[in-house]
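Hi,

Here's the structure I said I'd pass on. Have a look, and my notes come right after.

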2 protein chains.
Amino acid sequence: MAQKILIVDDEQDIVELLKYNLEKEGYKCYTASNGEEAVAKAKDKKPDLVLLDIMMPKMDGIEACRLIRKEDSLQGIFIAFLTARGEEYSEIAGFEVGADDYITKPIKPRVLTSRIKALLKRKKEDVESNELVVGDITIDRSSFDVVLRGDRLILPKKEFELLYLLASKPGKVYTRESILNKVWGTDVSVVDRTIDVHIRKIREKIGNERIQTIKGVGYRFVV
Amino acid sequence: MAQKILIVDDEQDIVELLKYNLEKEGYKCYTASNGEEAVAKAKDKKPDLVLLDIMMPKMDGIEACRLIRKEDSLQGIFIAFLTARGEEYSEIAGFEVGADDYITKPIKPRVLTSRIKALLKRKKEDVESNELVVGDITIDRSSFDVVLRGDRLILPKKEFELLYLLASKPGKVYTRESILNKVWGTDVSVVDRTIDVHIRKIREKIGNERIQTIKGVGYRFVV
DNA sequence: ACCCAAAGTTAAGAGAATATTAATAACCAA
DNA sequence: TTGGTTATTAATATTCTCTTAACTTTGGGT
């Protein structure tokens, strides 16, 4: 199935230009003209990639990006900013908010398509890896459930993400810091005990022995 | 250890600018001024990232990139092109030849460092999952495991760090002073017996003969 | 062989990190 | 909004690591 791209810009000309060129390459395109619309359409269409202009009325691209990143259902989505040359600050903010790439205007169609192809190729490779089987546990990102020796468990989001992280590299010790970065994100600030509490909840459900504590270091999942 | 960046550009000013800014961020930088030199230095220094100008005398960046990609010993290396605005063709060729990113001139230091950090962060996490194999012992930083002839041992943090230090250079004698500096840090003050006690605990677990005492000097790990 | 500084040993207590519990806050769906 | 679930925090308990002190042993130098 064709990969989907959501194009967001308040200048209609640019939207058309992009849409024309990308559809020629076989991508399915959707469009939006401001941040709010972008977030709504992203939730609705679940595109693979969002091309997001930064300067827009109502809600700017940075904010839209932040909201999209927060959305559970839009996890592996790629976001690339469209930015005019010279918007130095925005570029930095863009990366901090989790952009995967940014593309400078004026847009050169051949460059654009080449670049997008490269981006989406990476993505395609990632995506197929969403069912984890470790020992007697199966963790499935797409259905969001954990199956332990035949029993289906339901974990809330944070617990799921945390378990998924640990189980994705069995044996590897994750420090509290890296757990925070990966499960909670870089900008939030939560107290350390929060992690313990989540670990405890998970242990309650899957058994104590599967997650080990390495005191002074972190946690790891063992088979 | 600091991550290494190889900067390649024929314009000395640009090389200096990049070097200055990246070293300020704590990266170790090497430089080259043309494609041939770049390939040679890449093989020699094994950088984590190559910043590669496209237009250069002797051998251009595209060709250099191709050669680096072919080199077995340089597998996981990252390559980002430096490209002047308007070099449309080159950008496309760059992606086709396997660039991970490209950065447009004129270079804005804050954007550059922000971007490079994002790139290298991904990489660092992979690399650091390295294991040390000395004789019949395997010491794995990422899992915090010490495996002795198949048996998995769990050492507390300090013991682990100490063993890791000694085992990282088998045969080398570490003085008490340097052990303190590296395992405990420069500012703390602990009594000398503390080291003995830790050594003892380690010896208990891995056997006496693997860590030798050189009286009046220090300790060393032997195979 | 003796002395003495350096290293080894042991056990106990301080201290730090994590576990647990319960209460509160944020969130989401009906 | 409301009711129910999830997330976070605070307070307290528990566990394990680290350090120390006191004492013993070792081994090189005279």
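Below is what turned up, starting with the DNA and ending with two backbone oddities.

Quick housekeeping: this is a predicted model, where local features need pLDDT of at least 70 and side-chain atom pairs count only at pLDDT 80 or more, while totals for chains, interfaces and linings use all residues. Residues are numbered from 1 along each chain as its sequence is written, chains are lettered from A and ligands numbered from 1 in the order written, and side-chain values use heavy atoms, without hydrogens or water.

DNA strand C has 22 residues around it, the closest being A:Arg200, A:Thr213, A:Tyr219, B:Arg200 and B:Tyr219 (near means a heavy atom within 4 Å). They split into six nonpolar, four polar and twelve charged (Asp, Glu, Lys and Arg are charged; Ala, Val, Leu, Ile, Met, Phe, Trp, Tyr, Cys and Pro nonpolar; the others, Gly among them, polar). Of the strand C atoms within 4 Å of the protein, 64% belong to sugar or phosphate.

Phosphate oxygens of strand C sit 2.7 Å from a side-chain N or O of B:Thr213, 3.0 Å from one of B:Arg176 and 2.9 Å from a backbone N or O of B:Gly216.

Now the backbone: A:Arg149 has a positive phi near 45° and is exposed, at 64% relative accessible area. B:Phe144 also has a positive phi, near 60°, but is buried at 6% (buried is under 20%, exposed over 50%, partly exposed in between, with a 1.4 Å probe and protein chains only).

Cheers

Methods: Polar contact = N/O pair within 3.5 Å; in protein donor to acceptor, adjacent residues only side chain to side chain.
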